[in-house]
Amino acid sequence: MTVDPAPEAGGLVCPPGAPVVRATVAALRAADVGVETDYGQGQRDPDALLLVPLRESGDGRTAAELLGTIRAQLAGKAAPFVLRVEAGTCLRLTTINLLAEPAAPSDGRCRGPRAGDAPGDAPMPRITPLNVDCDPRQFAGSPEPFPGRSGPARPDLRPSGHLALSVPLPSPTAGPGAGTSPALAPAPPAPGAGPAGGLPVGANAARALPPVAGGAASRSTADYYAGFLWARARDVANHASMLFRDKVTTEQDAGQDWGLVLLAGRDCAPELQVRALGFALCMEAQNPAPGAPVPPIPAADAQRAIAERFAQEPALYREAVRAIPYAFGALPIRSLGDVVSHGAHGLLGVLVVEAADPSGRRGPADFDYRHAVARTIAAPDVTLRDGGVVGAATIHEHVLLWQDGLNLRRGAGRVTDLDLPGRPVPDCPVCDDSYDLGEKGVGLASERFAFRLVDLFASAPGVRIDLGLRTYPRDEDDLNRVAFPPGFFAGPVRTPTIVAPPGGQMAVRIAHPVGRARQRAFVPIFPGYDDLFPGFGSGHAALIGPGKGLTAWATAPMTPGPYLWRDGPQAIFAAGAWGHLLVRPEAPAAPTGR
């Protein structure tokens with residue numbers, strides 16, 4: 001990753017003078033790079049997907065070469081995808097699709113490897129007739145939305161190899177003023193080109209990146225602005241006319257005045273149409289003689305080319321576009337190429353937009369700093385308007401990626417199911433609800449109560465406990481009948497551990513890009529935090545749902561030791577969404593910023 005001192009000329013998103021951060025991310029199957037996603041307690045996803053940051057652009061390299069590079073970079077270990085930028089920064093994100101299109105089994109059976117679609121996916125909520133699994137056992141006792149059809153004959157949605165990332169920042173791919181004339185509609189992007197990496201919402205020409213074909217990986221580059229960005233169409237038209245009228249007529253010696261007006265609702269020939277900052281405009285000749293007919297514009301094609309060139313000048317941007325840097329905090333990144341399967345298998349991430357350094361110093365541009373899950377921030381002194389000074393502080397930041405609807409298997413080496421090692425984790429009567437029968441996790445890890453009990457009782461003499469492995473698809477082990485041992489929540493956990501010194505300032509960045517659970521929350525068993533706005537909502541358990549991100553600003557306790565944080569609903573807590581805050585005198589080892 002590199003940070004440029006100045007933006008490239010032109011463009012809709014990057015304001016003149018804003019720094020440009022370049023980053024590259026690849027979407028791939030974990031198995032293709034030798035990574036077995038270990039959620040802890042023997043839980044693994046055989047169809048795991050990953051977003052992986054690349055240290056290089058990967059230009060001119062085949063899919064196999066890129067996968068080899070990523071295999072060496074990861075060294076068998078997976079981590080949540082995190083990307084940091086500062087408010088007011090222009091992000092130029094290159095997305096590479098290394099996914100192959102899953103193929104249906106040739107014999108149609110629901111057994112054995114299925115090319116990225118192993119049996120065991122959690123059923124969709126009963127409110128929808130969609131089916132994501134071929135295993136008829138999943139539907140025992142469920143209403144049949146297709147009378148007379150069940151099991152393999154029921155429609156079975158296979159995962160897609162197409163990729164389109166949703167990054168919730170202003171982007172030219174979602175720019176306003178698409179125009180009303182087919183002549184101005186953007187041409188369909190060539191394979192691997194166009195704005196597919198930042199697919200916007202609504203009618204547009206953007207399209208998903210296709211899967212790997214012929215050894216070649218498709219890619220696209222999209223620009224984003226870390227802040228608020230907007231422009232009114234009429235302002236763009238007025239300022240464009242004022243700025244460029246004299247330049248065009250002077251260069252072409254047209255012998256007449258001219259202007260730019262909005263294209264909407266006008267009968268405008270294609271050779272007179274101009275695009276300025278993403279808005280569709282029409283060139284009109286202005287006759288100085290009142291009441292005289294408007295003559296045609298001579299050399300219209302040449303004038304149009306000049307107008308479009310000048311429409312990219314920074315002067316028009318400064319006059320017509322409003323750009324306000326904003327530190328959004330944690331923002332969810334999700335895949336729209338397959339809204340059902342991609343997120344459930346791990347194709348998601350977190351974009352952190354942090355405040356710019358008031359002193360004007362730039363943060364380091366190194367790769368580890370930008371993509372670290374945990375890091376420290378050296379905040380400088382801040383002088384208030386009343387003359388007061390807020391002293392410098394060190395902020396300990398940790399990113400938590402909320403997950404649900406997961407499809408994990410457990411018990412490899414002890415059991416097999418449908419010719420595959422291990423058995424899908426069964427539905428839990430005290431961990432699931434009808435909307436989400438999948439497993440829960442945080443940051444590619446889970447600490448499920450049932451399996452933690454299995455581990456704790458493993459060395460107990462005369463005790464045989466094998467929760468979650470005796471029955472499928474419903475777990476008949478009732479945790480309410482189990483006596484939990486003392487210190488159940490103590491000891492190491494697989495889920496993320498937040499580390500801070502006594503009394504240290506903490507910023508816990510939380511994002512839930514995609515999921516099925518109806519309501520979740522971040523509940524720390526230590527001093528509370530404000531919700532999105534001070535005094536709004538709960539100061540101890542802000543609600544979290546699919547598509548939401550938040551930052552919990554808190555102060556660590558003064559007494560060293562482990563503390564608990566957890567999800568809100570008790571069922572999701574029991575399903576494994578909890579972890580530790582470790583308060584210790586020494587500062588944690590993490591990439592340091594500013």
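**Exposure, salt bridges and cavities in a predicted model**

Ala75 is exposed, with a relative accessible area of 59%, and this residue is placed in the loop between α1 and β6 (81–86). The model described here is predicted, and the values that follow are computed from it. Although Ala75 is not a glycine, its phi is positive, at about 50°. A positive phi in a residue other than glycine is also found at Leu444, where the value is near 60°. Leu444 sits in the loop between β25 (439–442) and α6 (449–457), but, with a relative accessibility of 9%, Leu444 counts as buried. The two residues therefore fall into separate classes of exposure, since Ala75 reaches 59%, over the limit of 50% for an exposed residue, whereas Leu444 stays at 9%, under the limit of 20% for a buried one.

The salt bridges were considered next. The count for the structure comes to 14 salt bridges. In one of them the side chains of Arg219 and Asp59 meet, with a distance of 3.0 Å from N to O. This pair links distant parts of the chain, 160 residues apart, with Arg219 in strand β9 (residues 218–225) and Asp59 in the loop between β5 (49–53) and α1 (63–74). The partners have contrasting surroundings: Arg219 is buried, with a relative accessible area of 18%, while Asp59 is exposed, with a relative accessible area of 56%. Arg219 can also be placed relative to Leu163, a residue 56 positions away along the chain, and the C-alpha atoms of Arg219 and Leu163 are separated by 9.6 Å.

A further salt bridge joins the side chains of Asp404 and Arg520, with a distance of 3.2 Å from N to O. Because Asp404 lies in strand β20 (residues 393–406) and Arg520 in strand β28 (residues 520–524), this pair ties together parts that are 116 residues apart in sequence. Asp404 counts as buried, at 3% relative accessibility, and Arg520 likewise counts as buried, at 0% relative accessibility. In the salt bridge between Arg452 and Glu447, the closest N and O atoms are 2.8 Å apart, and both of these residues are buried. In addition, salt bridges that share partners join Arg84, Glu354, Arg375, Glu397 and Arg509 into one network.

Asp530 is found in the loop between β28 and β29 (542–544), where it is partly exposed, with a relative accessible area of 44%. Between Asp530 and His540, which are 10 residues apart in sequence, the C-alpha to C-alpha distance is 7.2 Å.

On the surface, a nonpolar patch is formed by Phe228, Trp230, Ile324 and Tyr326, and these residues together have about 400 Å² of accessible area. Of this patch, Tyr326 is found in the loop between β14 (322–325) and β15 (329–335). Tyr326 is partly exposed because its relative accessible area of 39% lies between the limits of 20% and 50%.

A search of the whole structure for cavities of 30 Å³ or more finds 6 of them. The largest cavity has a volume of about 60 Å³. Its lining consists of 15 residues, of which Gly120, Ala122, Gln138, Val425 and Asp427 lie nearest the centre of the cavity. Divided by class, the lining of this largest cavity has 9 nonpolar, 3 polar and 3 charged residues.

The second largest cavity has a volume of about 50 Å³. Among the residues that line this second largest cavity are Asp45, Pro46 and Asp47, together with the run of Ala118, Pro119, Gly120 and Asp121. From later parts of the chain, the lining of the second largest cavity includes His345, as well as Asn407, Leu408, Arg409 and Pro424. By class, this lining divides into 5 nonpolar, 3 polar and 4 charged residues. Gly120 appears in the linings of both cavities, being among the residues nearest the centre of the largest and one of those that line the second largest.

Definitions and conventions:
Residues are numbered from 1 along each chain as its sequence is written. This is a predicted model: local features need pLDDT of at least 70, side-chain atom pairs count only at pLDDT 80 or more; totals for chains, interfaces and linings use all residues. Side-chain values use heavy atoms; hydrogens and water are left out. On a 1 Å grid over the protein atoms alone, a cavity is a set of points where a 1.4 Å probe fits but cannot get out, and a pocket is an open set with protein on both sides within 12 Å along at least five of seven lines; lining residues have an atom within 4 Å of a point. Grid points are joined across faces, edges and corners, and a volume is the space filled by probe spheres set on the points. Ala, Val, Leu, Ile, Met, Phe, Trp, Tyr, Cys and Pro count as nonpolar, Asp, Glu, Lys and Arg as charged, and the others, Gly among them, as polar. Patches are made of residues with over 30% relative accessible area and no salt bridge: like charges are joined within 9 Å, nonpolar side chains (Val, Leu, Ile, Met, Phe, Trp, Tyr) within 5 Å. Accessible areas come from the Shrake-Rupley method with a 1.4 Å probe; for residues, only the protein chains shown count as cover. A salt bridge is a side-chain nitrogen of Lys or Arg within 4 Å of a carboxyl oxygen of Asp or Glu. Helices (H or I, at least four residues) and strands (E, at least two) are DSSP runs, numbered from the N terminus. Buried means under 20% relative accessible area, exposed over 50%, partly exposed in between (1.4 Å probe, protein chains only).
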